[in-house]
Amino acid sequence: MPHTLPAGQPLVLFNSVTRATETFTPIDPAMAKLYSCGPTVYNFAHLGNLRAYVFTDTLRRVINWKGWNATHVINITDVGHLTSDADEGDDKMELAAKAAARTIWEVAAFYTGAFKADIARLGILAPTIWSVATDHIQDMIAFGREIDDAGATYELPSGLYFDVTKVPDYGRLAGARPDEMIGRIETVEGKRNAADFAIWRKSPDDSTRQMEWASPWGVGAPGWHLECSVMSMKYLGEQFDIHTGGIDHREIHHCNEIAQNQAFTGTAETGANIWMHNNFLVDRGGKMSKSKGGFATLQSLVDRGVHPLAYRLLCLSAHYRSELEFSPENLGAALTRLKRLLIAVAQLRDKAGVLPWAQVVADAGATKGASLAYQRSVLEHGLPADAVALIARFDEAVSADLMIPQALPLIEEAVAKKGWSPEIRLRLVATFDLVLGLGLLTLARADLRIRPADATITETEIEARLADRQAARAAKDFAQSDAIRDALAAQGVDLMDGDPLRWEWRVALA
C-alpha cells in the first residue's frame, strides 16, 4: 500500500482566460482531464514546437506528483490546418504531399512517427489517447450540424462559416484587442464578420483534394479549429479541467475553439476550466518557426552531439510563460549542468550500492496506470525531517504555477547535502526527478557521449588510439602520447586523463 503523502501546497495555475492564477481542483476528484493541441504532421517538429510538449509533460507530471491520476489527450492534425494560423492559404498537408510526391497518408504517417520518437527522446510521457483528426471526420460533421442547427453558422459558396457574434464575449481569451487583430481571418466574399472562420471548406469545383469527404455542405474537408472541439469533448466531456497549447494558439485557434464549444453546448462555458499557454522559444530574438525556414529540429541537436535531455533541461530552466532564448551558450550550459548532475548521481550510487527502493519505483513506473504519486510516496517514506523539508520547498515551487526554475537548484542542493547518506540523497533525486523527467537514475554519463554526424573517426578507432597512447606512456614516449592526443583533438575528441570515462566528443554549438 502506498504511504500517505504530506498535504503540501495547493496547486495554483495561471488561467489565460482570466489572466490570473487559480487553485486547481479537478472536476472529477479521481481523474484530472487534460487536452493538448498536437502537431500538424506535414514536417518535423521544430524545437519551438517541442517546448510546448515539455511544458505539458511537466504540468501532467506535477498533477500526478500532487496525487491525481490524469487522462491526457493529444491530437494529431493530418487535415484542415492551413498555411497560416489565421485560417488562410492552402492546406499544409496537401502542399507537403505535393512537394514530396507522396500521398497525404504517407506524409502524415512518416511525420507522426517522427514526432512520437522526438517526444520519447525528450522523456515526455505518452498521452493516454492519441487522437487523429481523420479518424473523427464523421464526429466533426455531426458537430457541425449541431451548431448549424443552433443558428451559429451560415453557408457560402466556399463552405460553412461560424458567425462569431452568436456567442458571448468572443475573443476574450485574446485580450482587449480589435477584432481584426483577434481573428486575422482571410477575406472571403460574403463573410458577415472579419473574424468569422470556416467550419467546413468545400473543395473547389475545378480541383480535388487528396483528403475530402461528403457533408451536408458539399464535398470538402473540415476547418482546422473544428477538430479540437470535437475530440476534446468526445474523450473528456463538454467541460474538462485543462487545455494547453502554445501562446500562438491563444489569439486565433483557441478563441475559435471556445466559440464552437459555446455554440454546441448553448452556454458561456469555454470547454476547459483552465486554459494554459507556453511562451515562444526565440532564436536570437525571433520566434522559431518552420515557415521562416532554417528551423532547428531535435535531430539537428543530436547531430551536433547534444543529448535530447539537455534540451529538456534547457526548457525547464525558464518558466513556461516566459520567452526562452535558444542560443549555443544556453544549450551548452544546459548540457554541462546535466553532465554534472549525472557525475554526482553516479558517485552517490557507487557509495550507496544496492538501492532497495529503486526496483519498487521502477516497477510502479512500468505498470500501466501507476501514478507518480505512488512512486513519490515510496521514495518519501521514512526520510529525516530536514529531507522532508527540502521536499516541501520543491513542492512549494512546482505548485506555484510550475515554477520549475526555482525547483531545479533544489535537486543540486540535495545531491551536495552534507550529513545525509548517499541513499537519502538519491531518494531526493529520484523524488524530484518524477517531476523533472530527466531520467537521472537511469541515464549514464556515457549516454551523453553522442557521436556528431560530421565525425571522421569511429569509437572503435578512438579506443584503439587510446590503447596506442597508453602503450606510448608506458614506454615513456611522451612525444608520441602527446601526438596521439593532439590528433584526436583535431578530430573532435577530448581526452580526460584520470577520468573513468577517458574521453568524450567535443560538442561544437556555435
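Student: Which residues of α4 meet which residues of α6?

Tutor: From α4 come D139, M140 and F143. From α6 come L226, E227, S229, V230, M233 and K234. Keep in mind that this is a predicted model.

Student: How do you know that these residues meet?

Tutor: The test is distance: contact means heavy atoms within 4.5 Å. D139, M140 and F143 in α4 pass that test against the listed residues of α6.

Student: How do the residues of this contact divide into nonpolar, polar and charged?

Tutor: Five are nonpolar, one is polar and three are charged in the contact of α4 with α6.

Student: What angle do α4 and α6 make, and how far apart are their axes?

Tutor: α4 (residues 137-149) and α6 (residues 224-236) pack at about 100°. Their axes are 9 Å apart.

Student: Why is α4 called roughly perpendicular to α6?

Tutor: The label covers angles from 65 to 115 degrees. The angle here is about 100°. Therefore α4 counts as roughly perpendicular to α6.

Student: Now α10 and α14. What is their crossing angle?

Tutor: Helix α10 (residues 328-352) and helix α14 (residues 404-416) cross at roughly 30°. Their axes come within 10 Å.

Student: What makes α10 roughly parallel to α14?

Tutor: The cut-off is under 35 degrees. The pair stands at roughly 30°. So α10 is roughly parallel to α14.

Student: Is the crossing of α10 and α14 left-handed or right-handed?

Tutor: The crossing of α10 and α14 is left-handed.

Student: Which residues of α10 and α14 meet, and how do they divide?

Tutor: R337, L341, A344 and L348 of α10 meet L408, P409, I411, E412 and V415 of α14. Seven residues of this contact are nonpolar, none is polar and two are charged.

Student: On to the sheets. Which strands stand at the edges of the open sheet β8-β9-β10-β11?

Tutor: That sheet has four strands with antiparallel pairing. β8 (153-156) and β11 (220-222) stand at its edges.

Student: What makes β8 and β11 edge strands?

Tutor: Each has a single partner strand, so one side of each has no neighbour in the sheet.

Student: How do you know that β10 and β11 pair?

Tutor: Pairing needs at least two bridges. Three bridges join β10 (residues 197-202) to β11, and the two run antiparallel. R201 stands opposite A221 in β11.

Student: Which helix packs on this sheet and touches β8, β9, β10 and β11?

Tutor: Helix α4 does, with its direction at about 120° to that of β10. α7 lies across β9 and β10, running at about 85° to β10.

Student: What is the strand order in the open sheet of five strands?

Tutor: The order is β7-β4-β3-β12-β13, with parallel pairing. β7 (129-132) and β13 (272-278) are the edge strands, each pairing on one side only.

Student: How do you know that β3 and β12 pair?

Tutor: At least two bridges are required. β3 (residues 31-36) and β12 (residues 240-246) have three, in the parallel sense. L34 stands opposite I242 in β12. Helix α7 (residues 253-265) packs on this sheet, touching β12 and β13.

Student: Why is V132 called partly exposed?

Tutor: Buried means under 20% and exposed over 50%. V132 has a relative accessible area of 22%, so V132 is partly exposed. This residue lies in strand β7. Beyond four places in sequence, V132 contacts I76, D78 and M231.

Technical notes: Residues are numbered from 1 along each chain as its sequence is written. This is a predicted model: local features need pLDDT of at least 70, side-chain atom pairs count only at pLDDT 80 or more; totals for chains, interfaces and linings use all residues. Side-chain values use heavy atoms; hydrogens and water are left out. Axes are lines fitted to C-alpha atoms, for helices over the stretch in contact, and angles run from 0 to 180 degrees between N-to-C directions. Buried means under 20% relative accessible area, exposed over 50%, partly exposed in between (1.4 Å probe, protein chains only). Angles under 35 degrees count as roughly parallel, over 145 as roughly antiparallel, 65 to 115 as roughly perpendicular and the rest as oblique. A crossing is left-handed if the near helix is turned anticlockwise from the far one by less than a right angle, and right-handed if clockwise. Ala, Val, Leu, Ile, Met, Phe, Trp, Tyr, Cys and Pro count as nonpolar, Asp, Glu, Lys and Arg as charged, and the others, Gly among them, as polar.
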